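This report describes selected side-chain contacts and one sheet in the structure shown below.

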Amino acid sequence: MEMFLIRALQLVLALTILVFLHEGGHFLFSKLFGVRVNKFYVFFDYKFRLFSTYSNWWRRFRGKEPVKKNSEGEYEYDGTEYGIGWIPLGGYCQIEGMIDETQHDVTKLQEAPKPYEFRGKPCWQRLLIMLGGVMVNFFLALIIYSAVLYTWGEDYIAMKDMTMGLKFNDKAKELGFRDGDVLLGTNLGDFREFSADVFRDLTEASSVNIIRDGKPLSLPISEELNLLEMLQSNPVFARPLVPCDIDSVFADSPAAKAGLVKGDRIVALNGKPIDSWNEMSYQLGILDDCMTAARSSADSLKLRSTVIVAEHKDKSLDTLKMTLTPDLKLGVIKTEVHNYYTPTHVSYSLLESIPAGSAYGINVLGGYVSDLKYVFTSDGAKSLGGFGAIGSLFPPMWDWMLFWKMTAFLSIILAFMNLLPIPALDGGHVLFLLYEMITRRKPSDKFLLVAQYAGMILLFALMILANLNDVLRFFGIL
(Lines give C-alpha, C1' and ligand atoms only; values in the text may rest on other atoms or scores of the structure.)
Protein backbone atom coordinates (compact mmCIF):
# COMPACT_ATOMS: atom_id res chain seq x y z
CA MET A 1 0.00 0.00 0.00
CA GLU A 2 2.84 2.37 0.85
CA MET A 3 4.48 1.80 -2.54
CA PHE A 4 1.16 2.47 -4.28
CA LEU A 5 0.72 5.76 -2.43
CA ILE A 6 4.29 6.88 -3.21
CA ARG A 7 3.79 6.15 -6.91
CA ALA A 8 0.38 7.84 -6.92
CA LEU A 9 1.81 10.93 -5.22
CA GLN A 10 4.64 11.14 -7.75
CA LEU A 11 2.20 10.78 -10.64
CA VAL A 12 -0.12 13.51 -9.34
CA LEU A 13 2.80 15.86 -8.60
CA ALA A 14 4.34 15.31 -12.05
CA LEU A 15 1.03 15.83 -13.85
CA THR A 16 0.31 18.95 -11.78
CA ILE A 17 3.64 20.50 -12.78
CA LEU A 18 3.25 19.56 -16.44
CA VAL A 19 -0.36 20.64 -16.80
CA PHE A 20 0.28 23.93 -14.98
CA LEU A 21 3.20 24.80 -17.26
CA HIS A 22 1.47 23.51 -20.42
CA GLU A 23 -1.58 25.68 -19.82
CA GLY A 24 0.79 28.45 -18.75
CA GLY A 25 2.23 28.40 -22.28
CA HIS A 26 -1.23 29.05 -23.74
CA PHE A 27 -1.83 31.72 -21.09
CA LEU A 28 1.44 33.52 -21.77
CA PHE A 29 0.95 33.87 -25.53
CA SER A 30 -2.72 34.79 -25.06
CA LYS A 31 -1.83 37.63 -22.73
CA LEU A 32 1.06 38.79 -24.93
CA PHE A 33 -1.35 39.21 -27.83
CA GLY A 34 -4.10 40.82 -25.74
CA VAL A 35 -6.46 37.84 -25.70
CA ARG A 36 -8.63 37.56 -22.63
CA VAL A 37 -8.25 34.43 -20.49
CA ASN A 38 -11.39 33.85 -18.44
CA LYS A 39 -10.26 30.85 -16.36
CA PHE A 40 -6.96 29.13 -15.58
CA TYR A 41 -7.37 25.84 -13.70
CA VAL A 42 -5.11 23.04 -12.59
CA PHE A 43 -7.32 19.90 -12.45
CA PHE A 44 -10.95 19.92 -13.56
CA ASP A 45 -13.60 21.73 -11.52
CA TYR A 46 -16.76 19.88 -12.55
CA LYS A 47 -19.61 21.09 -10.30
CA PHE A 48 -17.25 22.50 -7.64
CA ARG A 49 -13.63 23.51 -7.00
CA LEU A 50 -11.09 23.25 -4.18
CA PHE A 51 -9.84 26.81 -4.56
CA SER A 52 -10.46 29.84 -6.78
CA THR A 53 -9.56 33.51 -6.88
CA TYR A 54 -10.09 36.35 -9.33
CA SER A 55 -7.11 38.51 -10.25
CA ASN A 56 -5.89 41.01 -12.83
CA TRP A 57 -2.22 40.71 -11.89
CA TRP A 58 -1.21 40.55 -15.56
CA ARG A 59 -2.42 44.10 -16.24
CA ARG A 60 -0.68 45.37 -13.11
CA PHE A 61 2.46 43.49 -14.17
CA ARG A 62 2.37 45.40 -17.47
CA GLY A 63 1.74 48.69 -15.65
CA LYS A 64 -1.86 49.09 -16.86
CA GLU A 65 -5.08 49.91 -15.08
CA PRO A 66 -7.29 46.96 -14.09
CA VAL A 67 -10.18 48.30 -16.17
CA LYS A 68 -10.50 49.47 -19.76
CA LYS A 69 -13.15 50.81 -22.11
CA ASN A 70 -14.76 48.55 -24.65
CA SER A 71 -15.92 49.60 -28.13
CA GLU A 72 -19.11 51.08 -26.66
CA GLY A 73 -17.13 53.21 -24.24
CA GLU A 74 -18.12 51.11 -21.22
CA TYR A 75 -15.64 49.97 -18.59
CA GLU A 76 -15.19 46.23 -18.18
CA TYR A 77 -13.03 44.05 -15.99
CA ASP A 78 -10.59 41.70 -17.77
CA GLY A 79 -9.13 39.63 -14.96
CA THR A 80 -8.76 35.84 -14.83
CA GLU A 81 -10.24 33.30 -12.46
CA TYR A 82 -7.43 31.07 -11.15
CA GLY A 83 -8.29 27.85 -9.38
CA ILE A 84 -7.69 24.23 -8.47
CA GLY A 85 -10.29 21.62 -9.36
CA TRP A 86 -10.96 18.35 -7.60
CA ILE A 87 -10.45 15.90 -10.51
CA PRO A 88 -6.67 15.40 -10.90
CA LEU A 89 -6.75 14.38 -14.57
CA GLY A 90 -5.53 17.54 -16.26
CA GLY A 91 -6.41 21.22 -16.36
CA TYR A 92 -7.43 23.95 -18.76
CA CYS A 93 -7.01 27.54 -19.85
CA GLN A 94 -10.32 29.06 -20.99
CA ILE A 95 -9.48 31.55 -23.73
CA GLU A 96 -12.17 34.01 -24.77
CA GLY A 97 -13.51 33.37 -28.27
CA MET A 98 -11.77 30.04 -28.77
CA ILE A 99 -13.84 27.03 -29.79
CA ASP A 100 -12.90 24.24 -27.41
CA GLU A 101 -14.36 22.05 -24.65
CA THR A 102 -14.29 24.93 -22.12
CA GLN A 103 -16.81 27.08 -24.00
CA HIS A 104 -20.45 26.58 -23.05
CA ASP A 105 -22.16 29.66 -24.52
CA VAL A 106 -22.20 28.94 -28.27
CA THR A 107 -24.49 31.92 -28.93
CA LYS A 108 -21.43 34.16 -28.69
CA LEU A 109 -20.13 32.58 -31.88
CA GLN A 110 -22.94 34.25 -33.79
CA GLU A 111 -21.65 37.68 -32.79
CA ALA A 112 -18.83 39.57 -34.50
CA PRO A 113 -15.40 38.78 -32.96
CA LYS A 114 -14.28 41.22 -30.27
CA PRO A 115 -10.73 42.67 -30.35
CA TYR A 116 -9.84 40.77 -27.19
CA GLU A 117 -11.11 37.41 -28.46
CA PHE A 118 -9.01 34.57 -29.81
CA ARG A 119 -11.00 34.44 -33.06
CA GLY A 120 -10.45 38.17 -33.55
CA LYS A 121 -6.65 37.86 -33.73
CA PRO A 122 -4.44 37.31 -36.80
CA CYS A 123 -3.84 33.69 -37.79
CA TRP A 124 -0.15 33.70 -36.83
CA GLN A 125 -0.96 34.90 -33.31
CA ARG A 126 -3.60 32.19 -32.88
CA LEU A 127 -1.06 29.63 -34.10
CA LEU A 128 1.51 30.69 -31.49
CA ILE A 129 -1.15 30.63 -28.76
CA MET A 130 -2.01 27.04 -29.66
CA LEU A 131 1.66 25.99 -29.88
CA GLY A 132 2.51 27.68 -26.57
CA GLY A 133 1.75 24.65 -24.39
CA VAL A 134 3.62 22.22 -26.63
CA MET A 135 6.69 24.46 -26.78
CA VAL A 136 6.75 24.81 -22.99
CA ASN A 137 6.52 21.03 -22.48
CA PHE A 138 9.24 20.29 -25.03
CA PHE A 139 11.75 22.82 -23.71
CA LEU A 140 10.83 21.93 -20.11
CA ALA A 141 11.88 18.32 -20.79
CA LEU A 142 15.23 19.45 -22.20
CA ILE A 143 15.77 21.75 -19.20
CA ILE A 144 14.96 18.96 -16.73
CA TYR A 145 17.25 16.46 -18.47
CA SER A 146 20.05 19.04 -18.48
CA ALA A 147 19.48 19.82 -14.79
CA VAL A 148 19.52 16.11 -13.89
CA LEU A 149 22.82 15.57 -15.70
CA TYR A 150 24.34 18.65 -14.07
CA THR A 151 23.13 17.70 -10.56
CA TRP A 152 23.62 13.94 -10.48
CA GLY A 153 25.66 13.17 -13.55
CA GLU A 154 25.03 9.91 -15.34
CA ASP A 155 25.62 6.32 -14.28
CA TYR A 156 25.27 3.41 -16.66
CA ILE A 157 26.68 -0.07 -17.21
CA ALA A 158 28.37 -0.20 -20.59
CA MET A 159 27.29 -3.10 -22.78
CA LYS A 160 30.91 -4.04 -23.47
CA ASP A 161 31.48 -4.37 -19.71
CA MET A 162 28.64 -6.87 -19.22
CA THR A 163 31.02 -9.80 -19.49
CA MET A 164 28.45 -12.43 -18.43
CA GLY A 165 26.44 -11.43 -21.49
CA LEU A 166 22.72 -11.68 -22.03
CA LYS A 167 20.04 -14.31 -21.60
CA PHE A 168 17.99 -14.91 -24.79
CA ASN A 169 14.59 -16.40 -25.46
CA ASP A 170 13.86 -19.19 -27.95
CA LYS A 171 13.14 -16.77 -30.82
CA ALA A 172 16.53 -15.10 -30.37
CA LYS A 173 18.25 -18.48 -30.23
CA GLU A 174 16.61 -19.44 -33.53
CA LEU A 175 18.35 -16.42 -35.04
CA GLY A 176 21.73 -17.64 -33.77
CA PHE A 177 22.12 -15.93 -30.38
CA ARG A 178 23.38 -17.95 -27.43
CA ASP A 179 23.10 -17.33 -23.70
CA GLY A 180 26.22 -15.48 -22.57
CA ASP A 181 26.76 -13.56 -25.81
CA VAL A 182 28.06 -10.03 -25.17
CA LEU A 183 26.39 -7.59 -27.57
CA LEU A 184 28.69 -4.80 -28.72
CA GLY A 185 26.61 -3.15 -31.44
CA THR A 186 25.25 -3.53 -34.95
CA ASN A 187 26.29 -2.44 -38.42
CA LEU A 188 24.53 0.84 -37.55
CA GLY A 189 26.73 1.62 -34.52
CA ASP A 190 27.89 0.52 -31.07
CA PHE A 191 25.58 -0.09 -28.13
CA ARG A 192 26.07 2.21 -25.15
CA GLU A 193 23.99 0.51 -22.46
CA PHE A 194 21.20 -2.02 -22.19
CA SER A 195 17.99 -0.12 -22.97
CA ALA A 196 15.11 -0.03 -25.43
CA ASP A 197 17.55 1.48 -27.96
CA VAL A 198 19.23 -1.95 -28.18
CA PHE A 199 16.00 -3.52 -29.38
CA ARG A 200 15.26 -0.63 -31.74
CA ASP A 201 18.69 -0.98 -33.34
CA LEU A 202 18.24 -4.73 -33.76
CA THR A 203 14.99 -4.17 -35.66
CA GLU A 204 16.79 -1.95 -38.19
CA ALA A 205 20.19 -3.67 -38.44
CA SER A 206 21.39 -6.37 -40.82
CA SER A 207 24.09 -7.74 -38.51
CA VAL A 208 25.11 -7.58 -34.85
CA ASN A 209 28.62 -7.60 -33.41
CA ILE A 210 29.07 -9.88 -30.40
CA ILE A 211 31.71 -11.53 -28.24
CA ARG A 212 31.17 -15.27 -27.79
CA ASP A 213 33.51 -17.35 -25.67
CA GLY A 214 35.98 -14.46 -25.65
CA LYS A 215 36.08 -14.13 -29.45
CA PRO A 216 34.55 -11.33 -31.59
CA LEU A 217 31.88 -12.45 -34.04
CA SER A 218 29.50 -10.81 -36.51
CA LEU A 219 26.07 -12.44 -36.51
CA PRO A 220 23.75 -11.73 -39.47
CA ILE A 221 20.14 -10.88 -38.67
CA SER A 222 18.30 -13.07 -41.15
CA GLU A 223 14.75 -11.77 -40.68
CA GLU A 224 12.89 -8.61 -39.82
CA LEU A 225 12.30 -8.16 -36.09
CA ASN A 226 9.28 -6.54 -34.47
CA LEU A 227 10.04 -4.34 -31.48
CA LEU A 228 6.68 -4.94 -29.80
CA GLU A 229 7.01 -8.72 -30.10
CA MET A 230 10.57 -8.59 -28.76
CA LEU A 231 9.48 -6.72 -25.64
CA GLN A 232 6.12 -8.41 -25.02
CA SER A 233 7.26 -12.01 -25.43
CA ASN A 234 7.68 -13.97 -22.20
CA PRO A 235 10.55 -14.09 -21.60
CA VAL A 236 11.61 -11.02 -23.55
CA PHE A 237 13.97 -11.29 -26.54
CA ALA A 238 17.06 -10.55 -24.44
CA ARG A 239 17.91 -9.38 -20.93
CA PRO A 240 21.10 -9.20 -18.86
CA LEU A 241 22.16 -12.58 -17.53
CA VAL A 242 22.07 -12.34 -13.72
CA PRO A 243 23.20 -15.44 -11.76
CA CYS A 244 20.60 -16.82 -9.34
CA ASP A 245 22.53 -15.58 -6.31
CA ILE A 246 20.77 -14.67 -3.09
CA ASP A 247 21.45 -11.19 -1.76
CA SER A 248 19.58 -11.69 1.52
CA VAL A 249 16.91 -13.90 3.11
CA PHE A 250 13.81 -12.75 4.98
CA ALA A 251 13.29 -14.20 8.45
CA ASP A 252 10.70 -17.00 8.72
CA SER A 253 10.42 -17.14 4.92
CA PRO A 254 10.29 -20.41 2.93
CA ALA A 255 13.95 -19.86 1.99
CA ALA A 256 15.02 -19.32 5.61
CA LYS A 257 13.14 -22.42 6.79
CA ALA A 258 14.77 -24.48 4.02
CA GLY A 259 18.26 -23.32 5.04
CA LEU A 260 19.17 -20.89 2.25
CA VAL A 261 21.52 -18.07 3.30
CA LYS A 262 23.04 -14.96 1.78
CA GLY A 263 25.55 -15.85 -0.94
CA ASP A 264 23.93 -19.15 -1.92
CA ARG A 265 23.25 -19.76 -5.62
CA ILE A 266 20.19 -21.68 -6.85
CA VAL A 267 21.25 -24.03 -9.66
CA ALA A 268 18.10 -26.19 -10.08
CA LEU A 269 14.37 -26.04 -9.41
CA ASN A 270 12.32 -29.25 -9.51
CA GLY A 271 14.98 -30.89 -11.67
CA LYS A 272 15.20 -27.96 -14.12
CA PRO A 273 18.66 -26.35 -14.45
CA ILE A 274 18.73 -22.72 -13.31
CA ASP A 275 21.55 -20.55 -14.67
CA SER A 276 20.12 -17.13 -13.81
CA TRP A 277 17.32 -15.25 -12.13
CA ASN A 278 15.92 -14.85 -15.63
CA GLU A 279 15.45 -18.62 -15.89
CA MET A 280 14.17 -18.82 -12.31
CA SER A 281 11.45 -16.26 -13.08
CA TYR A 282 10.51 -18.19 -16.20
CA GLN A 283 10.16 -21.50 -14.33
CA LEU A 284 8.13 -19.85 -11.56
CA GLY A 285 5.91 -18.40 -14.29
CA ILE A 286 5.24 -21.90 -15.61
CA LEU A 287 4.44 -23.00 -12.07
CA ASP A 288 2.05 -20.07 -11.71
CA ASP A 289 0.22 -21.15 -14.87
CA CYS A 290 -0.19 -24.61 -13.35
CA MET A 291 -1.54 -23.04 -10.14
CA THR A 292 -4.49 -21.56 -12.04
CA ALA A 293 -5.58 -25.10 -12.93
CA ALA A 294 -5.37 -26.34 -9.33
CA ARG A 295 -8.78 -27.60 -8.20
CA SER A 296 -8.15 -27.84 -4.48
CA SER A 297 -5.89 -26.54 -1.75
CA ALA A 298 -4.16 -29.92 -1.76
CA ASP A 299 -3.33 -29.50 -5.46
CA SER A 300 -2.05 -25.99 -4.75
CA LEU A 301 0.10 -27.20 -1.85
CA LYS A 302 1.57 -29.95 -4.00
CA LEU A 303 2.59 -27.46 -6.69
CA ARG A 304 4.13 -25.12 -4.09
CA SER A 305 6.20 -27.94 -2.62
CA THR A 306 9.43 -27.63 -4.57
CA VAL A 307 12.90 -29.11 -4.57
CA ILE A 308 15.78 -26.67 -4.92
CA VAL A 309 19.47 -27.42 -5.44
CA ALA A 310 21.65 -24.70 -3.91
CA GLU A 311 25.36 -24.12 -4.38
CA HIS A 312 27.07 -22.69 -1.30
CA LYS A 313 30.07 -20.38 -1.26
CA ASP A 314 32.41 -23.34 -0.81
CA LYS A 315 30.97 -24.82 -4.07
CA SER A 316 29.23 -27.66 -2.22
CA LEU A 317 25.70 -28.57 -3.33
CA ASP A 318 22.64 -29.02 -1.16
CA THR A 319 19.22 -30.39 -2.10
CA LEU A 320 16.55 -28.52 -0.16
CA LYS A 321 12.79 -28.98 0.08
CA MET A 322 10.80 -25.77 0.19
CA THR A 323 7.11 -24.84 0.26
CA LEU A 324 6.68 -21.55 -1.58
CA THR A 325 4.19 -18.90 -0.46
CA PRO A 326 0.73 -18.91 -2.14
CA ASP A 327 2.01 -16.27 -4.58
CA LEU A 328 5.11 -18.43 -5.27
CA LYS A 329 7.65 -16.30 -3.41
CA LEU A 330 10.86 -17.70 -1.90
CA GLY A 331 11.30 -14.88 0.58
CA VAL A 332 14.66 -13.64 -0.71
CA ILE A 333 16.11 -10.50 -2.23
CA LYS A 334 17.67 -11.20 -5.61
CA THR A 335 20.98 -9.88 -6.80
CA GLU A 336 20.77 -7.32 -9.60
CA VAL A 337 22.95 -6.37 -12.56
CA HIS A 338 24.68 -3.64 -10.56
CA ASN A 339 25.92 -6.26 -8.06
CA TYR A 340 28.28 -7.66 -10.72
CA TYR A 341 29.48 -4.67 -12.74
CA THR A 342 31.05 -1.32 -11.94
CA PRO A 343 28.96 1.42 -13.55
CA THR A 344 30.50 4.13 -15.69
CA HIS A 345 29.96 7.57 -14.16
CA VAL A 346 29.97 10.74 -16.25
CA SER A 347 29.90 14.20 -14.63
CA TYR A 348 28.78 17.30 -16.51
CA SER A 349 29.61 20.95 -16.02
CA LEU A 350 26.83 23.50 -16.47
CA LEU A 351 27.87 24.21 -20.07
CA GLU A 352 28.26 20.51 -20.85
CA SER A 353 24.91 19.54 -19.36
CA ILE A 354 22.86 21.72 -21.72
CA PRO A 355 23.82 20.05 -25.04
CA ALA A 356 24.00 16.63 -23.36
CA GLY A 357 20.54 17.01 -21.81
CA SER A 358 19.11 18.34 -25.07
CA ALA A 359 20.58 15.43 -27.04
CA TYR A 360 19.20 12.99 -24.47
CA GLY A 361 15.71 14.50 -24.69
CA ILE A 362 15.72 14.52 -28.51
CA ASN A 363 16.81 10.85 -28.50
CA VAL A 364 13.93 9.99 -26.13
CA LEU A 365 11.50 11.80 -28.43
CA GLY A 366 12.91 10.03 -31.49
CA GLY A 367 12.50 6.63 -29.86
CA TYR A 368 8.94 7.40 -28.78
CA VAL A 369 7.95 8.60 -32.26
CA SER A 370 9.59 5.54 -33.82
CA ASP A 371 7.64 3.20 -31.54
CA LEU A 372 4.30 4.91 -32.21
CA LYS A 373 3.71 2.88 -35.38
CA TYR A 374 3.14 -0.21 -33.24
CA VAL A 375 0.10 1.41 -31.59
CA PHE A 376 -1.90 0.88 -34.78
CA THR A 377 -1.62 -2.92 -34.51
CA SER A 378 -3.84 -5.24 -32.43
CA ASP A 379 -0.99 -5.98 -30.04
CA GLY A 380 -0.16 -2.29 -29.90
CA ALA A 381 -3.71 -1.42 -28.86
CA LYS A 382 -3.43 -3.96 -26.03
CA SER A 383 -0.17 -2.34 -24.92
CA LEU A 384 -1.84 1.03 -24.34
CA GLY A 385 -1.81 2.01 -20.70
CA GLY A 386 -3.72 4.50 -18.61
CA PHE A 387 -2.93 6.21 -15.33
CA GLY A 388 -2.09 2.89 -13.67
CA ALA A 389 0.52 2.04 -16.29
CA ILE A 390 2.00 5.54 -16.14
CA GLY A 391 2.10 5.47 -12.34
CA SER A 392 3.91 2.12 -12.36
CA LEU A 393 6.78 3.75 -14.27
CA PHE A 394 7.67 5.77 -11.17
CA PRO A 395 9.95 4.08 -8.60
CA PRO A 396 8.25 2.54 -5.50
CA MET A 397 10.56 4.56 -3.26
CA TRP A 398 10.99 8.32 -3.50
CA ASP A 399 14.02 9.22 -5.59
CA TRP A 400 14.27 12.81 -6.82
CA MET A 401 16.54 11.99 -9.75
CA LEU A 402 14.21 9.27 -11.06
CA PHE A 403 11.19 11.47 -10.38
CA TRP A 404 12.55 14.32 -12.48
CA LYS A 405 13.65 11.98 -15.29
CA MET A 406 10.18 10.48 -15.39
CA THR A 407 8.60 13.95 -15.32
CA ALA A 408 10.77 14.98 -18.27
CA PHE A 409 9.74 11.83 -20.14
CA LEU A 410 6.05 12.57 -19.53
CA SER A 411 6.63 16.15 -20.67
CA ILE A 412 8.07 14.85 -23.96
CA ILE A 413 5.05 12.57 -24.41
CA LEU A 414 2.60 15.37 -23.55
CA ALA A 415 4.25 17.68 -26.09
CA PHE A 416 4.16 15.12 -28.88
CA MET A 417 0.66 13.76 -28.17
CA ASN A 418 -0.77 17.28 -28.12
CA LEU A 419 0.65 17.86 -31.59
CA LEU A 420 -1.31 14.96 -33.09
CA PRO A 421 -3.81 16.37 -35.64
CA ILE A 422 -6.86 15.31 -33.63
CA PRO A 423 -9.62 17.87 -32.96
CA ALA A 424 -9.76 18.75 -29.25
CA LEU A 425 -5.97 18.50 -29.05
CA ASP A 426 -3.66 21.43 -29.76
CA GLY A 427 -2.59 19.66 -32.94
CA GLY A 428 -6.17 19.70 -34.24
CA HIS A 429 -6.36 23.48 -33.78
CA VAL A 430 -2.95 23.84 -35.43
CA LEU A 431 -4.13 21.77 -38.41
CA PHE A 432 -7.14 24.03 -38.99
CA LEU A 433 -4.99 27.15 -38.57
CA LEU A 434 -2.47 25.89 -41.13
CA TYR A 435 -5.38 25.19 -43.48
CA GLU A 436 -6.54 28.77 -42.97
CA MET A 437 -3.05 30.19 -43.59
CA ILE A 438 -2.61 28.18 -46.81
CA THR A 439 -6.09 28.57 -48.33
CA ARG A 440 -6.87 32.02 -46.86
CA ARG A 441 -10.22 30.53 -45.87
CA LYS A 442 -11.27 30.00 -42.27
CA PRO A 443 -13.32 26.88 -41.41
CA SER A 444 -16.79 27.81 -40.17
CA ASP A 445 -17.39 28.05 -36.44
CA LYS A 446 -20.06 25.34 -36.76
CA PHE A 447 -17.58 22.97 -38.40
CA LEU A 448 -14.96 23.69 -35.72
CA LEU A 449 -17.52 23.06 -32.98
CA VAL A 450 -18.59 19.70 -34.46
CA ALA A 451 -14.93 18.70 -34.96
CA GLN A 452 -14.20 19.63 -31.34
CA TYR A 453 -16.94 17.37 -30.00
CA ALA A 454 -15.90 14.52 -32.33
CA GLY A 455 -12.33 14.83 -31.09
CA MET A 456 -13.47 14.79 -27.48
CA ILE A 457 -15.43 11.57 -28.07
CA LEU A 458 -12.35 9.96 -29.67
CA LEU A 459 -10.08 11.04 -26.81
CA PHE A 460 -12.52 9.75 -24.17
CA ALA A 461 -12.73 6.43 -26.04
CA LEU A 462 -8.93 6.12 -26.08
CA MET A 463 -8.74 7.02 -22.39
CA ILE A 464 -11.34 4.38 -21.53
CA LEU A 465 -9.47 1.78 -23.63
CA ALA A 466 -6.11 2.59 -22.01
CA ASN A 467 -7.47 2.44 -18.45
CA LEU A 468 -9.50 -0.68 -19.22
CA ASN A 469 -6.22 -2.32 -20.30
CA ASP A 470 -4.78 -1.42 -16.88
CA VAL A 471 -7.70 -3.16 -15.15
CA LEU A 472 -7.42 -6.25 -17.35
CA ARG A 473 -3.68 -6.47 -16.67
CA PHE A 474 -4.30 -6.16 -12.94
CA PHE A 475 -6.61 -9.19 -13.02
CA GLY A 476 -4.24 -11.09 -15.34
CA ILE A 477 -6.72 -11.17 -18.23
CA LEU A 478 -4.59 -9.18 -20.70
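How many salt bridges does the structure hold? The model is a predicted one, and it holds 18 salt bridges.

**Salt bridges**

Three of the pairs are listed here with the distance between N and O atoms.

| Basic residue | Acidic residue | N to O distance |
|---|---|---|
| Lys39 | Asp45 | 3.2 Å |
| Arg49 | Glu81 | 3.7 Å |
| Arg192 | Glu154 | 2.9 Å |

In the salt bridge between Asp45 and Lys39, both residues are buried. The salt bridge of Arg49 with Glu81 ties together parts that are 32 residues apart in sequence, because Arg49 lies in the loop between strand S1 (37-44) and strand S2 (51-55), while Glu81 belongs to strand S5 (residues 80-84). Arg49 is partly exposed, at 37% relative accessibility.

The salt bridge between Glu154 and Arg192 also links distant parts of the chain: Glu154 is in strand S7 (residues 154-156), and Arg192 is in the loop between S10 and helix H5 (196-204), 38 residues apart. Glu154 is buried, with a relative accessible area of 11%, whereas Arg192 is partly exposed at 36%. Elsewhere, Lys167, Lys173, Asp179, Asp275 and Glu279 are joined into one network by salt bridges that share partners.

**Charges over rings**

Arg192 also lies over the face of Tyr156, at 3.8 Å from the ring centre. A further case is Arg36, which lies over the face of Tyr116 at 3.7 Å from the ring centre.

**Aromatic pairs**

Across the whole structure, a search finds 21 aromatic pairs. One of them joins Tyr368 and Phe416, whose ring centres are 5.8 Å apart; their planes stand at 85°, so the pair is edge-to-face. Tyr368 lies in helix H10 (residues 350-371) and Phe416 in helix H13 (residues 400-418), so that pair links distant parts of the chain, 48 residues apart.

Phe403 and Trp404 likewise form an edge-to-face pair, because their planes are at 70°, with ring centres 5.1 Å apart. Phe403 is buried, with a relative accessible area of 0%, while Trp404 is partly exposed at 28%. Ring pairs also link Phe20, Phe27, Phe40 and Tyr82 into a cluster.

**An open sheet**

Four strands form an open sheet in the order S10-S9-S11-S12, with antiparallel pairing. Strands S10 (189-190) and S12 (215-220) stand at the edges; each has a single partner strand, so one side of each is left without a neighbour in the sheet. Two antiparallel bridges pair S10 with strand S9 (residues 182-186), and Asp190 in S10 is the bridge partner of Gly185.

Key:
Residues numbered from 1 in each chain as written. Predicted model: local features only at pLDDT ≥ 70, side-chain atom pairs only at ≥ 80, totals over all residues. Heavy atoms only, no water. Pairing = 2+ DSSP bridges. Phe/Tyr/Trp six-rings, centres within 6.5 Å; stacked < 30°, edge-to-face > 60°. Buried < 20%, exposed > 50% of the residue type's maximum accessible area, 1.4 Å probe, protein only. Lys NZ or Arg CZ within 6 Å of the ring centre and 35° of its normal. Salt bridge = Lys/Arg side-chain N within 4 Å of Asp/Glu carboxyl O.
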